[in-house]
Amino acid sequence: TFSNPPASGTAYAFALRVVQDASGSGYTLTWPTSVDWAAATAPTLTATADAVDWFVFNTVDGGTTWYGFTSGQALG
């Protein structure tokens, strides 16, 4: 859940770092339905040991819509 964004009309962004565990269990995330991804397709997390994925989210309407971007995957 993404909570407490500023009021509509104010641009807001944050970055999210996701790290898989040391065994590469392939954990997944369920993204909020308010996230709009390119081509309406959420990214698949890198499922290897200690993999680092970065995502950036922006909103200008108080969090009604979040625009999600993959910043980097399979880092680390």
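This is a short tour of one sheet and a few residues in and around it.

Before you click anything, know that this is a predicted model, where local features need pLDDT of at least 70, side-chain atom pairs count only at pLDDT 80 or more, and totals for chains, interfaces and linings use all residues. Residues are numbered from 1 along each chain as its sequence is written, and side-chain values use heavy atoms, with hydrogens and water left out.

**Stop 1: the sheet**

Switch to a cartoon view and find the open sheet of 4 strands, ordered β1-β3-β4-β2 with mixed pairing. Which strands stand at the edges? They are β1 (12-19) and β2 (35-37); each has a single partner strand, so one side of each is left without a neighbour in the sheet. Look along the sheet too: on average, neighbouring strands are turned by 30° against each other, direction ignored. (Those angles come from axes, which are lines fitted to C-alpha atoms, for helices over the stretch in contact; angles run from 0 to 180 degrees between N-to-C directions.)

Two terms to keep handy: strands are DSSP runs of E with at least two residues, and helices are runs of H or I with at least four, all numbered from the N terminus. Two strands pair if DSSP finds at least two bridges between them. Strands of a sheet pair through backbone hydrogen bonds, either parallel or antiparallel.

**Stop 2: the pairings**

Select β1 and β3: they run antiparallel, joined by 8 bridges. Phe14 stands opposite Phe57 in β3. Next, add β4 (residues 66-75), which runs antiparallel to β3 (residues 52-59) with 6 bridges between them. Here you'll spot Val56 opposite Phe69, and Phe55 opposite Thr70. Follow the chain from β3 into β4 and you trace a hairpin with 6 residues in between; in its turn, Gly62 has a positive phi of about 70°.

**Stop 3: Asp53**

Now pick Asp53, in strand β3. How far away is the nearest side chain of opposite charge? That's Arg17, at 9.8 Å, and Asp53 is buried yet has no salt bridge. (Buried means under 20% relative accessible area, exposed over 50%, partly exposed in between, with a 1.4 Å probe and protein chains only. A salt bridge puts a side-chain nitrogen of Lys or Arg within 4 Å of a carboxyl oxygen of Asp or Glu. Lys and Arg count as positive, Asp and Glu as negative; His and the chain ends are not counted.)

Leaving out residues up to four places away in sequence, Asp53 touches several residues, including Leu16, Arg17, Thr46 and Gly72. Touching, or contact, means heavy atoms within 4.5 Å.

**Stop 4: the neighbours of Asp53**

Jump to Thr46, in the loop between β2 and β3. Its backbone nitrogen lies 2.8 Å from a polar atom of the Asp53 side chain. Buried or exposed? Thr46 is buried, with a relative accessible area of 16%.

Then select Arg17, over in strand β1. Beyond residues up to four places away in sequence, Arg17 touches Val52, Asp53 and Trp54.

Finish on Gly72, placed in strand β4. Gly72 is buried, with a relative accessible area of 13%. Apart from neighbours within four places in sequence, Gly72 is in contact with Val52, Asp53 and Trp54.

Note on methods: Polar contact = N/O pair within 3.5 Å; in protein donor to acceptor, adjacent residues only side chain to side chain.
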